[in-house]
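The following exercises are to be worked through with the sequence and the model in view. Each task is followed by a solution in steps.

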Amino acid sequence: MKKYRSFNFICGGLFLGLTALLVLWGLFRTPYDPTAINAALKNHGPSLAHPFGTDQLGRDVLSRVMVGARTSFLIGAATILIGGVIGTVIGALAGFFGGLFDTIVMRINDSLLAFPSILLALVLVCIFGTGEKNVILALGILFIPSIARVVRSEIKKQVPMDYVANAKLLGAGKMRILFVHILPNIRATLLVTMAVGFNNAVLAEAGLSYLGLGVQPPKASLGRMLSEGQSYLRLAPWTVLFPGIILALCVLGVTLISDVYSGNSADTEDPVKARRNIRRFLREKHPEESARNAETEDVSSVLTVKDLRIAFASETNAPNEVVHGISFSMKPGEKLGIVGESGSGKSVTALSVMHLLPEKGAAIGDISVTYKDEKGFHRVDMSHYNAKEMQRYRGAEIAMVFQEPMSSLNPSMKIRRQMAEMLTHGEHKPAKEEVQARLTEALLEVDLQDTDRILSSYPSKLSGGQRQRIMIAMAMLNHPKVLICDEPTTALDAETQEQILALLERLQKKYKTAILFISHDLGIVKRLCDRVMVFHNGIVVEEGKADEIFETPKEDYTKQLIAASEGADFTKKMEVPADSEEIVKVSHLHMAFGRMRGFKPLRYRTKVLENYNLSVKRGEVYGIVGRSGSGKSTLAKCLCGLLRPLVGTMEIKGKVGMVFQDPYGSLNPQKSVLWLLEEPLRIRKVPKEERRARAKEMLLSIGLPEDYDERKITELSGGQRQRVAIGMALMSQPEILVLDEPVSALDVTVQEQILALLTELHNRYHLTYIFITHDRAVMNRFATKVEIW
Amino acid sequence: MKAARKILSMAAAVVVLSFVTFLAFAILPGDAAQARLGTDATPEQVEALREEMGLNDNVLVRYGRWVKGVLHGDLGTSIRFRCPVSDLFKQMLPNTLLLAGVAFAIILVLSFPLGMLYARYPGSVGDRFGVFVNQTFMAIPGFFLGIVVSVVLGIGLKLFIPGAFVSYDEGLGACLAYLFFPALSIALPKVAMTVRFLRSALLTEKQKDYVRTARSKGIGEWEIIGKHLMPNALAASVTFLGVIVSEIVAGSIVIEQVFGVNGLGRLLVSSVANRDYDVVQALVLYIGIVVIVLNGVIESLVQKGGETE
């Protein structure tokens, strides 16, 4: 909604409307005959009778602009129609089918695009000759490559997405996938590309006509008028000014509007202002808190957070409050854990302490750090500092370790410089030797031996574990009073996780740093922390000593969370027929991926599966556990026929369906729930009545309310989407269901519900599951047979 | 090894380009003999001249002859000026190169600070206004901007005399002083393009996790933009600058016309209008080679940059 009220949209609409009005008006009548020569009226300035003046032959400029603009726009539209249609088809085919056709087309395309378009236009005009039709032809050919390229790259982006794989799996033909599933998703980009193409065509026509190579006199076009008027610049500047302005207005109007759609416009809200508004909103909503004054000095706590409220700006409504008045404090050297599901507000709470909330978020409340050094007590009242003042305390008094060691380091800067920044900013700049000595010491402290090599490396040369050690070493460089760790071990494998935790404990003991430890993993928090806070929907549900919370939880939500983390055993409920036949048999399977290099054949570079054997019996839940990148997903795609094995045989007695990991990617975002559930039957040409009835039945089977049928998939939560994905796979009545990490993208409590649903469906439809995951805990309580990679 | 392959593929591209260019003009209905004699000539006269010019030979033979000529510095003869094309080149190429150089310098000097400024305060009033101005400049066709520059800076403020171009051999200083204005007209829309590109590249980088890490160290925003964002955004910008160079070539073709600069662009346009094929052919080949070489260089620069990561 906001889109249409934006400044850019209104301005663009106004400009475009103005030019369109002029052209449309000119269609019916022009004030004067645009070609009528009147010697008495030569070069008259703008007047009431001739608002745009007259030209060197006494012709009315307004009338000529009306007709000229029409010619220009018609040429632009015709051009983009030719180029757009042909370009879209070529680009779509090249992007969708790939292979040699794609390589050849894109080679030609890229070489054409490398040349300045006006040069090609000149050559084409030189070959075809001048005049309106030839210009359209020349420009139309010219715009094919640029449109083909955009369409191709958009399609290439869509093709690997799971929803395309899903459609393929359900039996949709290639053309159906391309036109029904993919093209609607790139509609917006296509329109924007066309708009830009129209602009370029209008500008190119004007350029050619200006050079005398386009529209020929006495016909008028905007470019033609500019070139005719240029010789009379001193005498009658209006003959040039008005056509030029109209041309610019039209192009600017199209640009402004298409920018709004492509999200390219600067119509983003000012983050500074947005934050101010959010804070004001929060204060007005909770006047009693803002009236309360700063509390008594609590010198025994190193970090005090009082009445912290955080809200995020939303597109349509008032700001959305996500943290509702949280208060806590930490003693020096204390280890405080925050647990909760994603979206519970635990991460934003940590970020707000550092003033590092994302651009659309802001916080109110009191945050202070109190510490003692040789000079006595210091109290840093952080809530009243702006971001600039915060710079003094960030990294010095309070430091942070983030979740993703892969992306949290700058990829194009050597480790030495990144670490040294921690020491060299601010007033005190240590000497080079001192920096080197301190960095080496810090790295040794986190058990990194090869210090010189590491310091001169780029982050990409280091493993995830090494990077996280570096992050910790960096955060501890200035011996901060408080260290905030936001899921520091979540992205790491189990072994590295252990080492990092041990390291944190050791450093904490040595420097008496207070650690605020945020994790969704209850086990880790239980082990590491003295005290725990349980977050749920932005409030602290329960708080207390770690042992007490985990042993004798008082609140229902805490109990639920603990139950989910320990997990129910689904294998007991699973009905597995004793002594059944073999339904899947894979022998000596090899898989590898290669890449086309120019015209040379495939060269297989990465071996993914080698001599793999698998045997699954009917009714089993066969679990495969492995690390990411171990080839599990490749196997899944082989089993359901999305990939062809390089070597090996697969005997599968029964139809295979598949549920993908990410329900956000595997369902076409343009469609409704019912449409998606019906799609497998629609492909099989099942009559409308029947497929509708069966889809509605499935809606109930997967536990969604009846009135969800017309909802767009984007309105559903992750768990609900995964239900739809499961329902869609079941619609084609498979006997075997390949589940590729079906619950990994979901919150723990939702995970339980989906696993329960899968158990129920398994029993009802007598399915065989091949369940693939990296999560051994989930596997042990769900699969009746487990294979570990 | 890599460099050799690069050079080889560039050479192949040049050969293909030269053949396609040649072919495009060889299959034209109205050929050079017709063009030279005009429409009044009898078919017999035209045929005689065709024979004399060797136009009746096989296309490949003619191509071979043309390539041989080009390699010896013979680019053909201009029908209109009745002189070797290479002479025209010698006279006009420096003017065009100077124009492109000045335009490129203006683009570099203006767009980098502006791009950083916009990325520092996204969404602010200044940024919105700036982006709007940017879009306006991108919407104005180069030649219209040239006309406006002539009217405002030339006729109005009398900073230069439109049309009174001084060629490089008549005085380099005066030539550059005049070229500043056409170069400005070429540069401003490209500055707008570059600023827009840089702004969005920087803002994309700004969303990445490593920026949060940098902030958590207590580094100031300007330092983050200069030291952290810029190097990452620059990798993408190198390719973009290739586009800009090719845009400058395109822009100069039209702008030379507006300001009466005696350069290759103007020569190209008038030759197209007069169907002076030898000149057009030579110019297309020349610009094509420039584009191929520049793109090749930029590509290898990007690859080198990629290796350090």
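**Exercise 1: The cores of chain A**

Task. In this predicted model, identify the residues with the most contacts inside the largest nonpolar core, and state how many residues that core has.

Solution. Begin with the core itself: the largest one has 210 residues, and those with the most contacts inside it are A:Leu119, A:Ala121, A:Val125, A:Val738 and A:Ile770. Next, take A:Ala121 and set aside its neighbours within four places in sequence; its remaining contacts are A:Ala138, A:Leu139, A:Leu142, A:Ala204 and A:Leu208. Finally, look for a further core. A second one, separate from the largest, has 76 residues, among them A:Ile278, A:Leu462, A:Val482 and A:Phe535.

**Exercise 2: Chain A as a whole**

Task. Determine which helix and strand totals describe chain A, and what share of its residues is buried.

Solution. The count of secondary structure gives 28 helices and 18 strands. The chain has 789 residues, of which 46% are buried, a residue being buried if 20 or more other C-beta atoms lie within 10 Å of its own. Turning to contacts with a separation of 6 or more, 71% of those in chain A link residues 24 or more positions apart. The C-alpha trace spans about 100 × 80 × 55 Å along its principal axes.

**Exercise 3: A five-stranded sheet**

Task. Establish the strand order of the open sheet of five strands in chain A, and explain why β15 and β18 of chain A each have one side without a neighbour in the sheet.

Solution. Read the order as β15-β16-β17-β13-β18 (chain A), with parallel pairing. β15 (656–659) and β18 (785–788) of chain A stand at the edges with a single partner strand each, so one side of each lacks a neighbour in the sheet. On average, neighbouring strands are turned by 15° against each other, direction ignored.

Now examine one pair. β15(A) and β16 (residues 736–740) of chain A run parallel and are joined by four bridges; A:Val656 stands opposite A:Ile736 in β16(A). Lastly, helix α26 (residues 718–731) of chain A lies across β15 and β16 of chain A, at about 170° to β15(A).

**Exercise 4: Where chain B touches chain A**

Task. Find which element of chain B gives the most residues to the side that touches chain A.

Solution. Start with the totals: 55 residues of chain B are in contact with 62 residues of chain A. Elements of chain B giving two or more residues to this side include α1 (2–26), α10 (221–259) and α12 (277–307). The most come from α10(B), with ten residues. By type, the residues on this side of chain B are 29 nonpolar, 17 polar and nine charged.

Terms used:
Residues numbered from 1 in each chain as written. Chains lettered and ligands numbered in written order. Predicted model: local features only at pLDDT ≥ 70, side-chain atom pairs only at ≥ 80, totals over all residues. Contact = placed C-beta atoms within 7 Å. Nonpolar A, V, L, I, M, F, W, Y, C, P; charged D, E, K, R; others polar. Buried ≥ 20, exposed ≤ 12 C-beta atoms within 10 Å, placed from the backbone. Core = buried A, V, L, I, M, F, W, Y, C linked by C-beta atoms within 7 Å. Pairing = 2+ DSSP bridges. Axes fitted to C-alpha atoms, helices over the stretch in contact; angles between N-to-C directions.
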